[in-house]
Amino acid sequence: MRVVFFGATKGMGRALARLMAVRGDRVFLLGRDADELERSASDLRITGGAAVGTAYCDLLEPETFAPALDAAAAALDGFDTVVISAGLFATQDGLEADAGLRGRLLTADFTNTIHFCEAARTRLLAGGGGTLCVFSSVAGERGRKPVILYGAAKAGLSHYLEGLDHKFRALGLQVVTVKPGFVKTGMTAGLPAPPFAGEPEAVAQTVLRAIDSGMPEVYAPPIWRWIMLVIRWLPRFVMRRIEF
C-alpha cells in the first residue's frame, strides 16, 4: 500500500503506521509539529527500511490540506490509502468553561475532518479508488454526560463516514470507520482508566485487519462493540442517573 497518515506522530496512529511500515507499505506522514513528524519518520525509516516523507498539515488550517496531499502524492507516486487519526480532545468540563477551546475542538473534529476527508476522497476516486480509514469514537454512539460535546462531533463524523460508504463503495472507495473506546494514549493521560482500557499497539492490529479485509466499521478494543450495544439500549431515565 501507499499510505498517507494524518496524525501518526502519537498513540494509535503511530502504532498503526509502524505496523504498516514493518510489513513493507510505503508511508507518508502529515502533521503540524515538525519535530514530532521527523522523530516519527526517523523511527519508521529504521523500522521499515524505506524512505518516509513528511509535510505540514493542521486540522485547524484547511488551506494546508491540498498542498499536504500534493506532497504525499508526489513522494509516493500517488497513494491508495489515507488514514486519519488526527483530532482534538478535551474534557466536558473544560469545553463547557472555554468557548474558544470548544470552537476549536468542534471545528477540528467535525467540520475540518470532513473537509480533509472530502479532499482525500476526491483524490482516491480519481485514481480508481482506495481506502479511507478514519478514527471516530464510541463517544459518538449515544449522548452521555462525560462526552456531550466531543461525542456530538464524533457522532456527526461517524454518520458522514457511513454515508460515504453507502454512496461510494461501488465506485471503489473503501471507508473504514474506527471507533476506539478508552485507549491508553497521551490524549487520555490523567483520566481514570476502565478495566477494559486498550493499548495503542493492540488497537493498531485490530484496525489493520479491518483495513485489509475491507470492514466498514471496527470497534477497538473489540469489547467496546458490546459495551456500546448495552449503552444504546439503556432507557433515558437510567442515562440521566449514571455518569458513564
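Biologist: How many salt bridges does the structure hold?

Modeller: This predicted model holds 15 salt bridges.

Biologist: What makes arginine 23 and aspartate 25 a salt bridge?

Modeller: Their closest N and O atoms are 2.6 Å apart. The cut-off is within 4 Å, so the pair counts as a salt bridge.

Biologist: Why is aspartate 25 called buried?

Modeller: Aspartate 25 has 10% relative accessibility. Buried means under 20%, so the name fits aspartate 25. Arginine 23 has 38%, and because that value lies between 20% and 50%, arginine 23 is partly exposed.

Biologist: Which other residue meets arginine 23 in a salt bridge?

Modeller: Aspartate 212 does, at 2.7 Å from N to O. That pair links distant parts of the chain, 189 residues apart: aspartate 212 sits in helix α7, and arginine 23 in the loop between α1 and β2.

Biologist: How do you know that arginine 225 and glutamate 217 form a salt bridge?

Modeller: Their N to O distance is 3.8 Å, and that is within 4 Å, so the pair qualifies too. Glutamate 217 also belongs to a network of salt bridges with Glu141, Lys179, Arg225 and Arg232.

Biologist: Where else does Glu217 turn up?

Modeller: Glu217 helps line the second largest pocket, and is one of the residues that lie nearest its centre, along with Glu141, Ser158, Glu162 and Lys179. The pocket's volume is about 240 Å³.

Biologist: Which element gives the most to that lining?

Modeller: Helix α6 does, with six residues. The lining as a whole divides into three nonpolar, five polar and six charged residues.

Technical notes: Residues numbered from 1 in each chain as written. Predicted model: local features only at pLDDT ≥ 70, side-chain atom pairs only at ≥ 80, totals over all residues. Heavy atoms only, no water. 1 Å grid on protein atoms, 1.4 Å probe; cavity = no way out; pocket = protein on both sides within 12 Å on 5 of 7 lines; lining within 4 Å. Points joined across faces, edges and corners; volume = space filled by probe spheres on them. Helix = DSSP H or I, 4+ residues; strand = E, 2+ residues; numbered from the N terminus. Nonpolar A, V, L, I, M, F, W, Y, C, P; charged D, E, K, R; others polar. Salt bridge = Lys/Arg side-chain N within 4 Å of Asp/Glu carboxyl O. Buried < 20%, exposed > 50% of the residue type's maximum accessible area, 1.4 Å probe, protein only.
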